[in-house]
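Reader: I'd like to go through this model piece by piece and learn how to read its features. Can we start with a helix and work outwards?

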Amino acid sequence: MQFHLNGFQAGDPCVHPAPEGIHSQRLPEFVDVLIVGSGPAGLVLAAQLAKFPGIITRIVERRAGRLTMGQADGIACRTVEMFNAFGLADKLLSEAYWVNETAFWRPDPDNRQAITRTGRVQDTEDGLSEFPHLIVNQARIQDYLLDSMLQSCRRLEPDYSLEVISLERDDSQDYPVCVTLRRTDSASEGQEFSVRASYVVGCDGARSAVRAAIGQQLQGDAANHAWGVMDVLAVTDFPDIRLKAAVQSASDGNLLIIPREGGHLVRFYVDLGDVSPESRQSIRQTSVEQMVATAQRILHPYTLDVKEVAWSSVYEVGQRLTYRFDDSLDEQGRERAPRVFIAGDACHTHSAKAGQGMNVSMQDAFNLGWKLAAVLEERSAPGLLKSYSAERQPVAQELIDFDKQWSALMGGRPKDPANPAAGGVDPAEVQDYFVRAGRYTAGVATRYRPGLLTGEGHWQHLATGLLIGARFHSAPVIRLADAKPVHLGHTACADGRWTLYIFADAAQQAFRELCNQLSSESDGLLRRITPVGLDIDSALDVRVVLQQPHRTIKLEELPELLLPRKGRYGLIDYEKTFTVDSSANIFDLRGIDQEQGAMVLVRPDQFVAHVLPLTGGGELESFLLPIIHHN
């Protein structure tokens with residue numbers, strides 16, 4: 001973390017200075033971005049946009065206040081990486097339950113009315129991420145994001161007790177989207193008023209009013225299997241109660257056990273069986289007592305004494321998806337620049353057991369946020385916003401395909417070795433599929449296709465472990481100026497900047513020529529994409545990793561680009577250069593060509609945009625200039 005750049009500031013460095021009067025308690029009549037819904041997707045988007053002092057963002061929520069309990073709880077490794085860019089990973093890691101291993105239980109071959117442990121596997125493979133798979137209440141995730149918004153320069157807070165009544169778009173207006181809102185609080189219930197916005201984002205769940213307003217519908221399979229979910233405090237002799245556990249019983253259904261944060265709370269996903277039109281209503285009315293009784297039967301011969309149920313719900317497994325995540329087609333089917341977007345459950349729904357819904361929803365928002373900021377600050381053309389739906393809709397489809405398989409395995413009746421003709425799911429297959437799907441459940445399997453923001457793979461061989469279109473896979477390095485061991489990916493923040501990582505030998509002529517080319521006063525790329533008056537790294541942040549040990553490199557002999565002067569005092573930034581960590585060489589870990597070196601260009605949402613040779617300055621310009629510009 002860097003601070004004091006523009007003068008000494010006492011107090012918490014996480015609280016950013018706010019210009020006087022920048023936040024008004026009254027919802028303005030005109031806003032740049034109006035976010036509907038304060039769930040995880042809405043709050044990730046709001047927290048990101050709140051970092052931009054010139055962008056007026058507001059978020060409206062039908063609820064009367066913050067969420068306090070229940071709902072989603074699984075945090076994938078990739079999501080923790082994202083939270084680190086917001087400065088929130090340490091809080092998350094200290095509070096959450098760490099999913100280190102998963103246990104598998106099935107009917108005892110000698111007594112099928114009892115269960116026995118049949119496997120225990122590592123939850124995520126070694127080296128997949130520097131962060132673990134975590135479990136923490138969705139309400140706490142939202143608290144972290146809400147606090148981050150309050151500490152931002154915008155001091156952003158949701159406007160509660162407001163629901164969307166209608167949404168209309170008129171491109172002849174400066175603020176083309178008109179949203180009519182109605183108050184739901186008892187003091188002024190029923191009062192309606194309008195807000196005009198440049199852009200609107202619907203993060204308002206599966207019954208999204210924003211989705212309906214742009215004519216999109218959730219399409220997909222009808223729900224046909226029900227599960228009860230409850231967070232409980234219980235006493236039990238089941239030995240794996242503090243491990244994630246998948247339990248299959250012979251005749252009483254299946255159970256997924258998810259330990260929760262705090263050392264005592266546990267979430268049970270209880271199999272309630274197939275749903276038919278005749279049984280749907282009765283299953284929806286399943287009581288907590290019935291869920292507890294089912295869980296007790298599944299865990300036989302172990303006992304379960306539930307002392308308190310903190311939260312419970314019943315849901316049906318169904319996978320649905322919209323065709324588009326924006327309004328870029330008008331009523332006549334003609335292409336236009338998008339102004340209204342949907343994210344999260346508003347555009348894709350699925351079961352909870354894959355642990356991906358909240359994670360994919362937040363990644364939707366992370367993908368969209370930096371693009372909205374770039375367009376609103378006129379650093380990118382509005383056409384950039386079309387890439388949101390183009391990139392995220394296929395990701396949601398992949399999630400649904402995965403969820404169908406996983407839900408079928410988790411909800412299936414286990415095979416009886418004594419009666420193979422009866423069919424069912426082989427319990428060993430459940431464990432095998434879990435292991436094979438590890439990269440997906442960790443959230444690191446997403447890979448964007450080549451396009452405006454993702455280059456072709458002509459030079460992928462120069463960095464085989466940093467795949468174009470995939471998330472940037474961090475690795476340990478040593479920061480040259482102060483010899484501090486750090487993770488390279490942790491240098492990036494959720495501030496809308498692109499990052500160029502240069503991997504080189506300190507003596508390499510191509511490395512020094514590249515640095516000079518990038519920083520040339522006459523026609524260097526950095527001068528061409530950086531707005532006048534701003535620091536040289538405010539659009540593209542250049543970082544270098546050198547092959548030599550840090551004690552052999554002389555700081556004073558680095559190219560000027562790597563010791564930039566910034567801020568009102570022209571202070572030197574000493575944190576641009578790194579060297580290999582002898583215990584974990586990043587060149588070896590990420591397959592970087594040690595003879596030729598490489599440039600790795602990373603998007604503001606931490607995905608690799610391109611891999612280029614050190615002599616590829618021209619190719620870098622050709623790729624970036626259509627995306628980043630300034631007036």
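Author: Sure. The buried residues of helix α1 are P40, A41, G42, L43, V44, L45, A46, A47, Q48 and L49. Keep in mind that this is a predicted model.

Reader: How many residues of α1 are buried, and what does that say about the helix?

Author: Buried here means under 20% relative accessible area. In α1, which covers residues 40-49, ten of the ten residues fall in that class, and the helix is mostly covered.

Reader: What covers the buried residues of α1?

Author: Both helices and strands do. The cover includes the strands β1 (30-36), β2 (57-60) and β10 (192-202), along with the helices α2 (77-85), α4 (138-151) and α8 (357-376).

Reader: Let's zoom out. How many helices and strands does the protein have?

Author: The count is 15 helices and 28 strands. The radius of gyration is 26 Å, close to the 25 Å that the globule rule gives for 631 residues, so the protein is as compact as a globular protein of that length. Along the principal axes, the C-alpha trace spans about 80 × 60 × 50 Å.

Reader: What share of the residues is buried, and how much area does the protein expose?

Author: Buried residues make up 56% of the 631. The exposed area is about 26,400 Å², with carbon and sulfur atoms supplying 48% of it. Contacts are worth a look too: among those between residues at least 6 apart in sequence, 72% join residues at least 24 apart.

Reader: Which domains does the assignment give?

Author: There are domain 1 (30-72 + 137-220 + 320-395), domain 2 (98-131 + 224-315), domain 3 (403-442) and domain 4 (460-625). The C-alpha centres of domain 1 and domain 2 lie 34 Å apart.

Reader: What does UniProt list for residues 447-624?

Author: An unreviewed UniProt entry lists that span as "domain: Phenol hydroxylase-like C-terminal dimerisation". In the model, residues 447-624 are 16% helix and 22% strand, and the end C-alpha atoms of the span lie 20 Å apart.

Reader: Now sheets. How do I read strand order and edges?

Author: Strands of a sheet pair through backbone hydrogen bonds, either parallel or antiparallel. Take the open sheet of three strands with the order β3-β7-β4, where the pairing is antiparallel. β3 (74-75) and β4 (97-99) are at the edges with a single partner strand each, so one side of each has no neighbour in the sheet.

Reader: How many bridges join β4 and β7?

Author: Three, in the antiparallel sense, with β7 running over residues 133-135. For a residue pair to look at, W98 stands opposite L134 in β7.

Reader: Where can I practise on another open sheet?

Author: Try β11-β17-β19, an open sheet of three strands with antiparallel pairing. Its edges are β11 (219-220) and β19 (348-349), each with a single partner strand, so each has one side left without a neighbour in the sheet. β17 (residues 320-321) pairs with β19 over two bridges in the antiparallel sense, and R320 stands opposite T349 in β19.

Reader: One last residue: is R260 buried or exposed?

Author: R260 is buried, with a relative accessible area of 0%. This arginine is found in the loop between β14 (254-259) and β15 (266-274). Leaving out residues up to four places away in sequence, R260 touches D73, Y97, I135, V136, N137, D231, R242, L265, V266 and R267.

Reader: And what separates the C-alpha atoms of R260 and V611?

Author: A distance of 40 Å, with the two positions 351 residues apart along the chain.

Conventions
Residues are numbered from 1 along each chain as its sequence is written. This is a predicted model: local features need pLDDT of at least 70, side-chain atom pairs count only at pLDDT 80 or more; totals for chains, interfaces and linings use all residues. Side-chain values use heavy atoms; hydrogens and water are left out. Buried means under 20% relative accessible area, exposed over 50%, partly exposed in between (1.4 Å probe, protein chains only). Helices (H or I, at least four residues) and strands (E, at least two) are DSSP runs, numbered from the N terminus. Contact means heavy atoms within 4.5 Å. UniProt positions are given in the numbering used here, feature names are shortened, and annotations may be inferred rather than shown by experiment. Domain bounds come from an automatic or database domain assignment. The radius of gyration is taken over C-alpha atoms; the globule rule is 2.2 Å times the number of residues to the power 0.38. Accessible areas come from the Shrake-Rupley method with a 1.4 Å probe; for residues, only the protein chains shown count as cover. Two strands pair if DSSP finds at least two bridges between them.
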